[in-house]
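Could you walk me through this structure in plain language, as you would for someone in their first year? I would like to follow it step by step with the model in view.

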Amino acid sequence: MDLRTALTAALRLQLEWGADEALVETPRDHFAPSPAAPEPASPAIPRRAAPASGVLPPAAARAAALAAACHSLDELRAALAAFDGCSLSETATNLVFNDGNPAAGLMLIGEAPGAEEDRIGKPFVGPSGQLLDRMLASIGLDRDHYLITNLIPWRPPGNRSPTDAEVMLCLPFLHRQIALVRPKLLLLLGGLAAKALLGGSAGITRLRGTWREIEIPGLLAPIPALATYHPAYLLRSPGAKRDAWADLISLRRRLES
């Protein structure tokens with residue numbers, strides 16, 4: 001595809017989303033350093049509730065200990081591959097860890113792998129991932145500009161929703177991955193990822209569109225995070241693309257601030 005065709009396709013995608021606002025008048029070099037700017041205040045967020053007893057179940061405690069002992073992404077991937085406390089690893093074809101650039105400063109977190117991701121072993125390579133790639137390309141981002149992963153690294157059978165117990169087992173590994181990567185910004189894709197990291201019971205419609213700060217074990221400062229719709233939801237509900245476009249505008253502006 002030549003440059004003119006690619007640009008035309010990107011503009012057409014933005015129009016389909018209902019884009020009605022230009023981000024900047026001239027192109028920006030996303031590889032050039034930008035001057036530091038004060039971060040706007042972020043609203044307080046509820047913490048994720050701990051078990052009523054205050055003590056983690058044995059498998060979750062073991063997951064937390066294994067994750068905390070990892071000092072690199074390679075060690076974390078190996079620990080996940082060896083972890084036998086989550087039954088999802090027994091039914092999945094592949095561990096789906098991450099893809100992209102760990103040094104980019106932007107980290108995207110989805111929910112769980114689908115069939116194509118399970119087959120290939122990489123996150124967001126199926127239809128929803130292809131839509132996500134086009135979405136981010138429309139604001140000048142590709143996988144060299146971010147690291148992408150999922151809350152759940154194994155595909156649940158039949159693409160069912162992960163259980164609360166499975167989320168509890170996988171969350172320590174996600175927390176450790178974030179701590180090792182130390183991203184400057186997080187983009188949370190879908191309600192499961194948003195609620196797991198932000199806490200509370202609000203759905204994605206209420207959580208999306210507002211920057212919040214997340215405290216991650218092992219990091220001294222909280223990380224600004226923006227929740228938005230999962231691209232799989234946008235495939236089913238194209239009317240939500242206008243809100244997703246507004247979220248991308250917000251992300252682009254935050255990256256440039």
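Phenylalanine 124 is buried, with a relative accessible area of 3%; a residue needs to be under 20% to be called buried. This is a predicted model, so keep in mind that you are looking at a prediction. You can find phenylalanine 124 in the loop between helix H5 (115–120) and helix H6 (127–137). Its backbone is worth a look too: phenylalanine 124 is not a glycine, yet its phi is positive, at about 55°.

Arginine 182 makes a good companion to that residue. Its phi is near 55°, again a positive value in a residue other than glycine. Arginine 182 sits in the loop between H7 and strand E4 (185–189). Is arginine 182 buried or exposed? With 55% relative accessibility, arginine 182 counts as exposed, because the cut-off for that word is over 50%.

Now follow the chain into strand E4. Here 5 of the 5 residues are buried, so E4 is largely enclosed by the rest of the structure. Look at the two faces of the strand in turn: Leu185, Leu187 and Leu189 are on one side, Leu186 and Leu188 are on the other, and all of them are buried.

Which strands pair with E4? One is E2, which pairs with E4 in the parallel sense over 4 bridges. To see this pairing for yourself, find leucine 108, which stands opposite leucine 187 in E4. Another is strand E6 (residues 223–228), which also pairs with E4 in the parallel sense, over 4 bridges. For this pairing, look at leucine 186, which stands opposite alanine 225 in E6.

Strand E2 (residues 106–110) has a further link, because 4 bridges join E2 to E3 and the two run parallel. Within this pairing, glycine 110 stands opposite asparagine 150 in E3. Strand E3 is joined to strand E1 (residues 98–100) as well, by 3 bridges, but these two run antiparallel. There, asparagine 98 has threonine 149 of E3 as its bridge partner. The side chains of E3 are worth following: Leu147 and Thr149 point one way, Ile148 and Asn150 point the other way, and all are buried.

Two of those E3 residues, Thr149 and Asn150, bring us to a hollow inside the model, since they help to line its largest cavity. How many cavities of 30 Å³ or more does a search of the whole structure find? The search finds 1, and about 70 Å³ of space lies in the largest cavity. Besides Thr149 and Asn150, the lining includes Leu80, Val96, Phe97, Leu151, Pro153, Cys170, Phe173, Leu174 and Gln177. Strand E3 (147–150) and helix H7 (164–181) are the elements that give two or more residues to this lining. H7 gives the most, with 4 residues. Sorted by chemical character, the lining has 8 nonpolar residues, 3 polar ones and no charged ones.

Let us take a closer look at one of the lining residues, leucine 80. Leucine 80 is found in helix H3 and is buried, with a relative accessible area of 4%. The C-alpha atoms of leucine 80 and valine 96 are separated by 9.9 Å, and these residues are 16 apart along the chain.

Another lining residue, Phe173, leads us to the aromatic rings. The count comes to 2 aromatic pairs. One of them is formed by phenylalanine 83 and phenylalanine 173, a tilted pair with 5.3 Å from centre to centre and 55° between the planes. Why does this pair tie together parts that are 90 residues apart in sequence? Phenylalanine 83 lies in the loop between helix H3 (73–82) and helix H4 (88–91), while phenylalanine 173 lies in helix H7, so the pair links those separate parts. Both phenylalanine 83 and phenylalanine 173 are buried.

Helix H7 has an exposed residue too. Aspartate 164 is found in H7 and counts as exposed, at 63% relative accessibility. From C-alpha to C-alpha, aspartate 164 and alanine 196 are 9.5 Å apart in space, and they are 32 residues apart in sequence.

For a last stop, turn to tryptophan 211. Arginine 254 lies over the face of its ring, at 4.7 Å from the ring centre.

Conventions
Residues numbered from 1 in each chain as written. Predicted model: local features only at pLDDT ≥ 70, side-chain atom pairs only at ≥ 80, totals over all residues. Heavy atoms only, no water. 1 Å grid on protein atoms, 1.4 Å probe; cavity = no way out; pocket = protein on both sides within 12 Å on 5 of 7 lines; lining within 4 Å. Points joined across faces, edges and corners; volume = space filled by probe spheres on them. Nonpolar A, V, L, I, M, F, W, Y, C, P; charged D, E, K, R; others polar. Buried < 20%, exposed > 50% of the residue type's maximum accessible area, 1.4 Å probe, protein only. Phe/Tyr/Trp six-rings, centres within 6.5 Å; stacked < 30°, edge-to-face > 60°. Lys NZ or Arg CZ within 6 Å of the ring centre and 35° of its normal.
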